[in-house]
Every structure is written in C-alpha cells, then in structure tokens.
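Visitor: I would like to learn how to read a model like this. Could you take me through a few features?

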Amino acid sequence: MDMRPLTDRYTVSPQIDPADVAAIAAAGYTTLINNRPCVEIPPSHQADVMEQAAKEAGLHYVVLPITHDTLGPDLAQAQRDIIDASNGPVFAYCASGTRCTIVWALGQAGDMAVDDIIATAQTQGYDLSMMRPHLSQLSGQ
C-alpha cells in the first residue's frame with residue numbers, strides 16, 4: 001500500500017486492496033473515501049466489497065467517484081466537506097491517487113496559496129503544475 005499524506009488529515013493512495021483496509025484503520029484513519037468509479041475496477045474491488053471491508057474495520061466509508069464529467073467545484077466541495085466532517089484523518093484512493101490529489105487541490109483553492117498546493121502535491125509525486133492557471137483563477141490570485 002502506497003500512503004501519500006498531503007496534510008495531517010488527508011492522505012491519498014493508488015488503488016488499495018480490501019485486505020489493506022484493516023491496516024488503514026490501524027494507522028488511525030477514520031474515514032475512507034473511494035474516488036474510483038466501479039466501471040474501472042474488477043468485482044473484487046468494487047464499492048460494495050470495499051464498503052464491507054471498511055465496515056469490518058470500523059471506518060466511515062464514502063463513495064465519491066471522480067470522472068472527467070464529475071470533476072469540478074461541486075465534487076471538490078463534497079470531498080472537502082467529507083474531510084472537514086471526519087472525526088479523524090481521511091484516506092482517499094483512486095487508480096493512482098492523482099484524482100484524489102486534484103480534487104483536494106481544487107478544494108484548497110482560495111484557502112491555501114497556489115504555490116503551496118502545487119508544492120504539497122509535488123512532495124508526494126503528483127505534478128499539478130498544469131493546474132496553476134485554474135487554481136489561480138479559483139483562488140483569485
């Protein structure tokens with residue numbers, strides 16, 4: 001499992017296995033966000049399987065699939081609301097962790113400097129430099 005913390009309350013990851021969920025809970029995470037649409041993954045990793053693993057591990061589980069069609073301000077706000085409402089650290093996953101990072105970045109625009117958003121993502125291996133104009137526009141910078 002490849003945990004990549006962006007903040008002390010939000011970590012992203014490439015696709016996880018149902019067997020990883022117990023370790024995520026043991027690491028102190030309280031909420032698990034599945035940002036991966038089920039059409040992309042085999043039955044063994046579908047949302048219902050992951051939800052059962054999360055339930056068994058005592059995690060709050062949320063399905064919020066990110067696609068090109070859904071990625072936007074509403075989805076970024078929904079992800080941010082989940083993070084803000086969580087009673088502890090949040091672990092989000094998708095295919096590579098990139099979509100989880102992008103939606104986080106969009107949710108930070110206006111509250112965090114664009115350079116800091118991009119640098120934070122870069123420290124975990126996600127290059128969001130191509131988003132600079134959009135993040136700047138969203139944040140009024």
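Visitor: Which residue just after α4 takes a positive phi?

Guide: A word on the source: this is a predicted model. The residue is Gly110, with a phi of about 100°.

Visitor: How many residues of α4 are buried?

Guide: Burial here means under 20% relative accessible area. Helix α4 spans residues 98-108, and 10 of its 11 residues fall in that class. The helix is mostly covered. The buried set includes Arg99, Trp104 and Gln108. Ile102, Val103 and Leu106 also belong to it.

Visitor: What covers the buried residues of α4?

Guide: Look at both strands and helices. Among the covering elements are the strands β2 (10-13) and β5 (90-93). The helices α3 (73-85), α5 (114-123) and α6 (132-139) also take part.

Visitor: How many disulfides does the structure hold?

Guide: Check the distance between sulfurs. A pair must lie within 2.5 Å to count. The structure holds 0 disulfides. Cys94 is in none; its nearest cysteine sulfur, that of Cys100, is 3.6 Å away.

Visitor: Why is Cys38 not bonded to Cys94?

Guide: Cys94 has the cysteine sulfur closest to that of Cys38, but the two are 14 Å apart, so they are too far for a bond.

Visitor: Are Cys38 and Cys94 buried or exposed?

Guide: Cys38 counts as partly exposed, because its relative accessibility is 27%. Cys94 is buried, with a relative accessible area of 1%. Cys100, in α4, is buried too.

Visitor: Now the whole chain. What pattern does the protein follow along the sequence?

Guide: List the elements in order. The pattern is β-β-α-β-α-β-α-β-α-α-α. It comprises 6 helices and 5 strands.

Visitor: How compact is the protein?

Guide: Set the radius of gyration against the globule rule. The radius is 14 Å, close to the 14 Å that the rule gives for 141 residues, so the protein is as compact as a globular protein of that length. Its C-alpha atoms fill a box of roughly 45 × 30 × 25 Å along the principal axes. Of the 141 residues, 47% count as buried.

Visitor: What share of the contacts joins residues at least 24 apart?

Guide: Start from contacts between residues at least 6 apart in sequence; 73% of these join residues at least 24 apart.

Visitor: And the surface: how much of it belongs to carbon and sulfur atoms?

Guide: The accessible surface comes to about 6800 Å², and 53% of that belongs to carbon and sulfur.

Visitor: Where do the mean positions of the charges lie relative to each other?

Guide: Compare the two mean positions. For the 7 positive and 16 negative charges, they are 1 Å apart.

Note on methods
Residues are numbered from 1 along each chain as its sequence is written. This is a predicted model: local features need pLDDT of at least 70, side-chain atom pairs count only at pLDDT 80 or more; totals for chains, interfaces and linings use all residues. Side-chain values use heavy atoms; hydrogens and water are left out. Buried means under 20% relative accessible area, exposed over 50%, partly exposed in between (1.4 Å probe, protein chains only). Helices (H or I, at least four residues) and strands (E, at least two) are DSSP runs, numbered from the N terminus. Contact means heavy atoms within 4.5 Å. The radius of gyration is taken over C-alpha atoms; the globule rule is 2.2 Å times the number of residues to the power 0.38. Accessible areas come from the Shrake-Rupley method with a 1.4 Å probe; for residues, only the protein chains shown count as cover. Lys and Arg count as positive and Asp and Glu as negative; His and the chain ends are not counted. The place of a charge is taken as NZ of Lys, CZ of Arg, CG of Asp or CD of Glu.
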